[in-house]
Amino acid sequence: MARVLVVEDDQFVRSALIRHLTEAGHAVRSVGTALEALREVAHVGFDLVVLDLGLPDLDGGEALKMLRGITDVPVIIATARDDEAEIVRLLNDGADDYLTKPFSVEHLSARMAAVLRRSRGGAPGAEPPSRATRVGGLSIDPLRRQAELDGVALDLTRREFDLLAFLAERPGVVVPRKELLAEVWQQSYGDDQTIDVHLSWLRRKLGETAARPRYLHTLRGVGVKLEPPR
Ligand code: CA
């Protein structure tokens, strides 16, 4: 599912696009002018914009530049003009792809899927690679700031996530408390209790205790390490 803005002044094309995209499970909004489009993207978060070039108020190329001034949302240009120089210029101006009218809905779907895959962090034509660090059943994705344990998302605070991610980058290594304070809390000195409190919250979310550790091991007077359970 993607949130799609359709910018198209032709009522017939517009309702066909809306119908098709809605049937494909997307959340669709539509406008008929470039200025309305600018207002929409300024107020609503979209995953993709399908932009008709022949709009009544602004030249499509101008509209694209203005869109790019306020958002980096992926834009697919829909154009009746089969003009290579124009298309190259639009791609240079920040369009992600284009379709020459008339196009089939299948063609649009395929282009949309490719653009969304790219914008969501994958390589073209491939599933997005996992950037998650894995330690046993733990999976930590620093880009998305998401952590999972055995496939179940963990609801972590910012600090808990930072702590877990920092330890997960060095599995099996005992990290001194001083280093944790400096790297995770950005403090050159501090109270050991700060770390202990966050560790105990994190432990609870990982379903373990200090007495019966699985992933998080505290070595008294030395530091903390994260490693997969034996
Ligand atoms: Ca038009």
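The exercises below, each with a worked solution, concern a predicted model.

**Exercise 1. Describe the parallel sheet and the helix that lies on it.**

Begin with the order of the strands: the sheet is open and has five strands, arranged S2-S1-S3-S4-S5, with parallel pairing. Next, find its edges, which are strand S2 (27-31) and strand S5 (97-100), each of them pairing on one side only. The twist from one strand to the next averages 20°.

Then look inside the sheet, where S1 and S3 are joined in the parallel sense over four bridges, and where Leu5 has Val49 in S3 standing opposite. Finally, add the helix: H1 lies across S1 and S2, and its direction makes about 170° with that of S2.

**Exercise 2. Identify the protein donors of the calcium ion, and work out where they sit along the chain.**

The first step is to list the donors, which are Asp9 (OD), Asp52 (OD) and Gly54 (O), at 2.2 to 2.4 Å from the calcium ion. The second step is to write their spacing in sequence, which is D-x42-D-x1-G.

The third step is to place two of them on the fold: Asp9 belongs to the loop between strand S1 (3-7) and H1, while Gly54 belongs to the loop between strand S3 (48-52) and helix H3 (60-70). These two residues are 45 apart and link distant parts of the chain.

**Exercise 3. Characterise the second largest pocket, and examine the peptide bond between two of its lining residues.**

Start with the volume, which is about 160 Å³ for the second largest pocket. Its lining is made of Phe12, Val13, Ala16, Leu17, Lys101, Pro102, Phe103, Ser104 and Val105. Helix H1 (residues 11-23) gives the most to this lining, with four residues. Sorted by class, the lining holds seven nonpolar residues, one polar and one charged.

Now turn to the backbone at Lys101 and Pro102, which are joined by a cis peptide bond with omega at about -5°. Pro102 is placed in the loop between S5 and helix H5 (105-119). As background for judging such a bond, most peptide bonds are trans, and most residues other than glycine have a negative phi.

The second half of that background applies to another residue, Arg145, which is not a glycine and yet has a positive phi of about 55°. Arg145 lies in the loop between strand S7 (138-141) and strand S8 (146-149).

**Exercise 4. Explain what leaves the two edge strands of the antiparallel sheet with an open side, and say which helix packs on this sheet.**

First, set out the sheet, an open one of three strands in the order S10-S12-S11 with antiparallel pairing. Strand S10 (175-176) and S11 stand at the edges and have a single partner strand each, so one side of each is left without a neighbour in the sheet.

Second, follow one pairing in detail: S10 and strand S12 (residues 223-226) run antiparallel and are joined by two bridges, and Val175 has Val224 of S12 as its bridge partner. Third, bring in H8, which packs on the sheet by touching S11 and S12, and whose direction makes about 150° with that of S11.

**Exercise 5. Determine which elements contribute to the largest pocket, and describe its lining by class.**

The largest pocket contains about 230 Å³ of space. The residues that line it are Arg177, Asp192, Asp196, Leu199, Ser200, Arg203, Ala210, Pro213, His217, Thr218, Arg220 and Gly221. Two elements give two or more residues to this lining, namely helix H8 (192-206) and strand S11 (216-219). Of the contributions to the lining, that of H8 is the most, with five residues. By class, the lining has three nonpolar, four polar and five charged residues.

**Exercise 6. State how many cavities of 30 Å³ or more the structure holds, and describe the lining of the largest.**

In general, empty space is found by rolling a probe the size of a water molecule over the atoms. With the cut-off set at 30 Å³ or more, the structure holds one cavity. The volume of the largest cavity is about 30 Å³.

Its lining residues are Thr133, Ile140, Pro142, Ala165, Ala168 and Glu169. To complete the solution, sort this lining by class, which gives four nonpolar residues, one polar and one charged.

Key
Residues are numbered from 1 along each chain as its sequence is written. This is a predicted model: local features need pLDDT of at least 70, side-chain atom pairs count only at pLDDT 80 or more; totals for chains, interfaces and linings use all residues. Side-chain values use heavy atoms; hydrogens and water are left out. On a 1 Å grid over the protein atoms alone, a cavity is a set of points where a 1.4 Å probe fits but cannot get out, and a pocket is an open set with protein on both sides within 12 Å along at least five of seven lines; lining residues have an atom within 4 Å of a point. Grid points are joined across faces, edges and corners, and a volume is the space filled by probe spheres set on the points. Ala, Val, Leu, Ile, Met, Phe, Trp, Tyr, Cys and Pro count as nonpolar, Asp, Glu, Lys and Arg as charged, and the others, Gly among them, as polar. Two strands pair if DSSP finds at least two bridges between them. Contact means heavy atoms within 4.5 Å. Axes are lines fitted to C-alpha atoms, for helices over the stretch in contact, and angles run from 0 to 180 degrees between N-to-C directions. Donors are N, O and S atoms within 2.8 Å of the metal (3.2 Å for Na, K and Ca); water is not among the atoms, so sites may look incomplete.
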